[in-house]
Amino acid sequence: MNSTPAGTANFDDDDYPAFTMGRAAEMLGTTPGFLRSLDEAKLINPQRSEGGHRRYSRYQLRLAARARELVDQGTALESACRIIILEDQLAEALRINEQREEQG
């Protein structure tokens with residue numbers, strides 16, 4: 001029998017779109033417009049609710065927080081998005097290499 005309470009299975013899923021745009025902006029201390037700009041820059045692609053509203057995952061919020069940090073330091077938004085994409089790719093490559101080393 002599954003011991004996870006009904007409806008809580010997605011709490012630990014970093015990719016589950018749990019946050020509305022308003023809540024995400026509040027959590028990040030930014031504006032909904034900033035989040036829309038990250039969508040337009042193709043850094044994050046939030047899922048849409050049945051009503052068409054953007055929904056953000058914890059993973060996307062971490063990317064948005066990093067973007068805000070870089071922009072606050074004076075980095076142009078496009079450059080910040082590119083930096084974050086490269087950081088994310090590097091982290092994934094390192095994770096894959098680590099897994100291969102553990103298997104070999």
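A salt bridge here is a side-chain nitrogen of Lys or Arg within 4 Å of a carboxyl oxygen of Asp or Glu. Keep that cut-off in mind as you move through this predicted model. By that rule, the count comes to 8 salt bridges, and this tour visits some of them before turning to a pair of helices.

**Stop 1: D14 and R58**

Select D14 and R58 and show their side chains. The two form a salt bridge, with 3.1 Å between the closest N and O atoms. Now look at where each one sits: D14 belongs to the segment before β1 (19-20), while R58 is in helix α3 (residues 58-72). The pair therefore links distant parts of the chain, 44 residues apart.

Are these residues buried, or do they reach the surface? D14 has a relative accessibility of 28% and counts as partly exposed. R58 is partly exposed too, at 31%.

**Stop 2: add R62**

Keep D14 on screen and add R62. Here is another salt bridge, between R62 and D14, and its closest N and O atoms are 2.7 Å apart. Because R62 lies in helix α3 and D14 in the segment before β1, this pair ties together parts that are 48 residues apart in sequence. R62 is partly exposed, with a relative accessibility of 44%.

With the three residues displayed, you can see D14, R58 and R62 linked in a network of salt bridges.

**Stop 3: R66 and E87**

Next, select R66 and E87. They form a salt bridge whose closest N and O atoms are 2.7 Å apart. R66 lies in helix α3 and E87 in helix α4 (residues 77-103), so this bridge ties together parts that are 21 residues apart in sequence. R66 has a relative accessible area of 24%, which makes this residue partly exposed. E87, at 34%, is partly exposed as well.

**Stop 4: helices α1 and α2**

For the last stop, select residues 21-28, helix α1, and residues 32-40, helix α2. At what angle do the axes of α1 and α2 cross? They cross at roughly 105 degrees and come within 8 Å. Angles of 65 to 115 degrees count as roughly perpendicular, so that is how α1 stands to α2.

To see the contact itself, show the side chains of M21, A24, A25 and L28 in α1, which meet P32, L35 and R36 in α2. Try coloring these residues by type: the contact of α1 with α2 has 6 nonpolar residues, no polar ones and 1 charged.

Methods:
Residues numbered from 1 in each chain as written. Predicted model: local features only at pLDDT ≥ 70, side-chain atom pairs only at ≥ 80, totals over all residues. Heavy atoms only, no water. Helix = DSSP H or I, 4+ residues; strand = E, 2+ residues; numbered from the N terminus. Buried < 20%, exposed > 50% of the residue type's maximum accessible area, 1.4 Å probe, protein only. Axes fitted to C-alpha atoms, helices over the stretch in contact; angles between N-to-C directions. Parallel < 35°, antiparallel > 145°, perpendicular 65-115°, else oblique. Contact = heavy atoms within 4.5 Å. Nonpolar A, V, L, I, M, F, W, Y, C, P; charged D, E, K, R; others polar.
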